[in-house]
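Fire up your viewer and try these short exercises. Each has a task, then a solution worked through in steps.

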Amino acid sequence: MSSILPTLGKDVSIDIGSIQTRLMGGTRGTVISEPSIIATDTKQEKVVAVGDEAARLVLRMPDMWRPLTPLKDGFIVDYRVMHTMLNYFLNKVSNALRRARVLVGVPCGMTDVEQRAMMDAVIQAGAREVFLIERPVAAAIGCGAPIFEARGSMVIDIGGGTVDMGIVSLGGIVDSKTIRFGGSDINNALLRYVRECFGVIVSDEIIEDIKHTVGTAVAPLEDAEYAFQGRDMMNGLGRRCVIHQSEVYQVVNDCIGGLLDELKQMIRSAEPEIVADIMQYGIYLTGGTAQLSGLAERIGGELGVPVHVPDAPETKVVVGLNGASSDLVSLSRFIVNSKNRKGQD
Ligand SMILES: Nc1ncnc2c1ncn2[C@@H]1O[C@H](COP(=O)(O)OP(=O)(O)OP(=O)(O)O)[C@@H](O)[C@H]1O
């Protein structure tokens with residue numbers, strides 16, 4: 001087992017999301033949140049930018065530059081991209097990586113092979129040791145849930161591409177699951193709707209703005225409007241369109257059915273005492289998509305429990321990992337795997 005004793009504040013915590021990667025700690029003590037992409041020059045086969053800079057280039061990318069992302073549904077799909085990205089981000093927060101322990105938030109139910117791929121990528125990026133902790137556990141710690149008490153605490157972390165849900169009690173995981181759904185699915189559904197119903201093509205930024213401005217998971221009482229410019233698919237010219245909030249609600253509603261079923265399933269399979277705790281104390285809803293208007297209310301209404309959204313919900317996994325790093329001894333039951341430079345687990 002790798003060393004779980006503290007290492008003088010050198011620890012780095014990292015939440016590698018399908019959209020955004022967040023880091024805390026390290027010798028520089030900085031907090032980083034940058035897009036999980038790298039930009040490559042396909043002709044010269046070299047990396048031209050990572051994170052913020054890559055995202056900026058993607059917007060105005062010549063044909064020969066390609067954006068690449070290392071993750072799909074929370075799991076590594078491109079090891080080389082993951083290595084390049086981790087190398088860049090980890091060295092940005094620490095100039096003493098060789099002495100650093102790195103805590104990584106991972107989806108639930110990773111296979112042994114997937115866990116090893118993640119740990120190898122972190123070690124090869126220069127870290128001394130790596131510890132994997134499931135994201136719902138990290139989010140629970142980040143929310144300040146009483147994870148050591150004899151009380152069930154449920155957390156749902158909804159990001160861009162995955163939902164990590166789990167119940168913790170008495171310092172252990174009662175149940176946890178990761179499903180493939182997130183804010184990107186809502187964006188894709190909105191993009192399809194706008195194409196089919198308005199006959200226009202719009203940018204990703206407009207879709208994101210529609211979701212933030214009039215997106216809602218509960219039927220709207222007043223039907224607000226959102227005006228935007230699209231490019232007509234027939235004549236290629238610009239056209240002004242107006243979408244109603246009730247239309248956006250329908251799109252969102254069609255998207256979240258599967259999520260609601262999964263959440264109900266988790267509650268149904270929990271022990272009655274745990275369900276009673278969840279009903280009394282509620283569920284923590286974290287991740288960027290927790291900010292979707294009406295989502296907490298909708299989940300609360302469907303499950304019959306109070307749902308709390310903390311401040312800055314998208315940061316709770318990395319905040320929780322950072323908190324965990326100071327007490328890995330007590331949290332050892334939550335470590336799903338670990339490795340050090342010498343290759344020992
Ligand atoms: N105000 C908002 N309303 C609706 N959605 C929002 C809002 N703010 C952010 N989001 C959505 O949150 C998502 C990003 O969340 P987050 O940063 O937690 O994802 P991630 O960690 O990269 O992804 P994942 O954890 O799924 O791998 C995006 O889909 C974004 O559109």
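**Exercise 1.** Find which loop holds threonine 162 in this predicted model, and work out whether threonine 162 is buried or exposed.

*Solution.* Start with the strands: threonine 162 sits in the loop between β11 and β12. Next, take its relative accessible area, which is 6%. Buried means under 20%, so threonine 162 counts as buried.

**Exercise 2.** List what threonine 162 touches beyond its neighbours within four places in sequence, then pick out the polar contact made by its side chain.

*Solution.* The contacts are Asp73, Gly74, Arg135, Asp157, Thr178, Ile179, Phe181 and Gly182. Now look at the side chains: that of threonine 162 makes a polar contact with that of arginine 135, at 3.1 Å.

**Exercise 3.** Repeat the job for glycine 161: where does it lie, is it buried or exposed, and what is it in contact with?

*Solution.* Glycine 161 lies in the loop between β11 (153–158) and β12 (163–169). Its relative accessible area is 7%, so it is buried. Setting aside neighbours within four places in sequence, its contacts are Ser18, Ile179, Arg180, Phe181 and Gly182.

**Exercise 4.** Check which residues of UniProt's "binding site" help line the largest pocket.

*Solution.* First, get the record: the unreviewed UniProt entry lists Gly160, Gly161, Thr162, Glu208, Asp209, Ile210 and Lys211. Of these, the pocket lining includes Gly160, Gly161, Thr162, Glu208, Asp209 and Lys211.

**Exercise 5.** Test the span of helix α7 (residues 245–268) against 1.5 Å a residue, and locate its kink.

*Solution.* With 24 residues, α7 should span 34 Å. Its end C-alpha atoms are 33 Å apart, so the two agree. The kink, about 40°, is centred on isoleucine 256.

Notes: Residues numbered from 1 in each chain as written. Predicted model: local features only at pLDDT ≥ 70, side-chain atom pairs only at ≥ 80, totals over all residues. Heavy atoms only, no water. Helix = DSSP H or I, 4+ residues; strand = E, 2+ residues; numbered from the N terminus. Expected span 1.5 Å × (residues − 1). Bend = angle between axes of the 7 residues up to and from the residue. UniProt positions renumbered as here; feature names shortened; annotations may be inferred. 1 Å grid on protein atoms, 1.4 Å probe; cavity = no way out; pocket = protein on both sides within 12 Å on 5 of 7 lines; lining within 4 Å. Buried < 20%, exposed > 50% of the residue type's maximum accessible area, 1.4 Å probe, protein only. Contact = heavy atoms within 4.5 Å. Polar contact = N/O pair within 3.5 Å; in protein donor to acceptor, adjacent residues only side chain to side chain.
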